[in-house]
Amino acid sequence: APLVDAERWQLALTGLVARPQRLSLADLAADAEEFDAVMVCIHNPVGGSRVGNGRWLGVPLRTALERADPAQGATTLVTRAVDGFTTSLPLGPLL
């Protein structure tokens, strides 16, 4: 796992958005809430066993996206991790 400097790391919400955001870990912690969620590994095959559930503390993706206000024509969320991993998700179900 990559080492991340918690004081310098930022989550950037950019692209087809009305309000681009750069959120620090402190910013995210201020909006954190507890919620139950199912997590599925991105490499899980359909019907695969790489899935789990639990109570999480964090900022729901919908909350972060609403802060940035995606444009009407935006269709895809592209994520880029600190280790270079990139993937995309359809935006509609996330809002």
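This is a chat about a predicted model of one protein chain.

Reader: OK, basics first. How many helices and strands are in the chain?
Author: The chain has 2 helices and 6 strands. Going along the sequence, they come in the order β-β-α-β-β-α-β-β.

Reader: And what does the C-alpha trace span along its principal axes?
Author: About 40 × 35 × 30 Å.

Reader: What share of the 95 residues is buried?
Author: Buried residues account for 18% of them.

Reader: Let's talk pockets. What volume does the largest pocket have?
Author: The largest pocket comes to about 1800 Å³. Its lining is made of 44 residues, and the closest to the centre are Leu11, Leu61, Leu77, Thr79 and Leu89.

Reader: Which classes of residue are in that lining?
Author: There are 34 nonpolar, 8 polar and 2 charged residues in the lining of the largest pocket.

Reader: Which helices and strands supply at least two residues of the lining?
Author: On the helix side, H1 (25-30) and H2 (61-68) each do. The strands that do so are E1 (10-13), E3 (33-40), E4 (51-58), E5 (76-80) and E6 (86-90).

Reader: Switching to the outside. Which residues make the nonpolar surface patch?
Author: Val38, Val40 and Val51 make a nonpolar patch of about 270 Å². Val40 sits in strand E3.

Reader: Now charges. How many salt bridges does the count come to?
Author: The count comes to 4 salt bridges. As background, side chains of opposite charge can pair when their charged atoms come close.

Reader: Start with Arg19. Which residue does it form a salt bridge with?
Author: Arg19 pairs with Asp69, and their closest N and O atoms are 3.6 Å apart. Arg19 is in the loop between E1 and strand E2 (21-24), while Asp69 is in the loop between H2 and E5, so the pair ties together parts that are 50 residues apart in sequence.

Reader: Is Arg19 buried, exposed or partly exposed, and what about Asp69?
Author: Arg19 is partly exposed, at 41% relative accessibility. Asp69 is partly exposed too, with a relative accessible area of 33%.

Reader: While we're on Asp69, what is its phi?
Author: Asp69 has a positive phi of about 55°, although it is not a glycine. For context, most residues other than glycine have a negative phi.

Reader: Next pair. What distance, N to O, goes with the salt bridge of Asp31 and Arg67?
Author: The side chains of Asp31 and Arg67 meet at 2.7 Å, N to O. This pair links distant parts of the chain, with Asp31 in the loop between H1 and E3 and Arg67 in helix H2, 36 residues apart. Asp31 is partly exposed at 31% relative accessibility, and Arg67 is partly exposed with a relative accessible area of 30%.

Reader: And Asp36, which residue does that one form a salt bridge with?
Author: Asp36 forms a salt bridge with Arg55, with the closest N and O atoms 3.2 Å apart. Asp36 lies in strand E3 and Arg55 in strand E4, so the pair ties together parts that are 19 residues apart in sequence.

Reader: Why does Asp36 count as exposed?
Author: Because its relative accessible area is 57%, and exposed means over 50%. Arg55 is exposed as well, with a relative accessible area of 52%.

Reader: Last one: which residues are linked in a network of salt bridges?
Author: Glu34, Asp36 and Arg55 are linked in a network of salt bridges.

Conventions
Residues are numbered from 1 along each chain as its sequence is written. This is a predicted model: local features need pLDDT of at least 70, side-chain atom pairs count only at pLDDT 80 or more; totals for chains, interfaces and linings use all residues. Side-chain values use heavy atoms; hydrogens and water are left out. On a 1 Å grid over the protein atoms alone, a cavity is a set of points where a 1.4 Å probe fits but cannot get out, and a pocket is an open set with protein on both sides within 12 Å along at least five of seven lines; lining residues have an atom within 4 Å of a point. Grid points are joined across faces, edges and corners, and a volume is the space filled by probe spheres set on the points. Helices (H or I, at least four residues) and strands (E, at least two) are DSSP runs, numbered from the N terminus. Ala, Val, Leu, Ile, Met, Phe, Trp, Tyr, Cys and Pro count as nonpolar, Asp, Glu, Lys and Arg as charged, and the others, Gly among them, as polar. Patches are made of residues with over 30% relative accessible area and no salt bridge: like charges are joined within 9 Å, nonpolar side chains (Val, Leu, Ile, Met, Phe, Trp, Tyr) within 5 Å. Accessible areas come from the Shrake-Rupley method with a 1.4 Å probe; for residues, only the protein chains shown count as cover. Buried means under 20% relative accessible area, exposed over 50%, partly exposed in between (1.4 Å probe, protein chains only).
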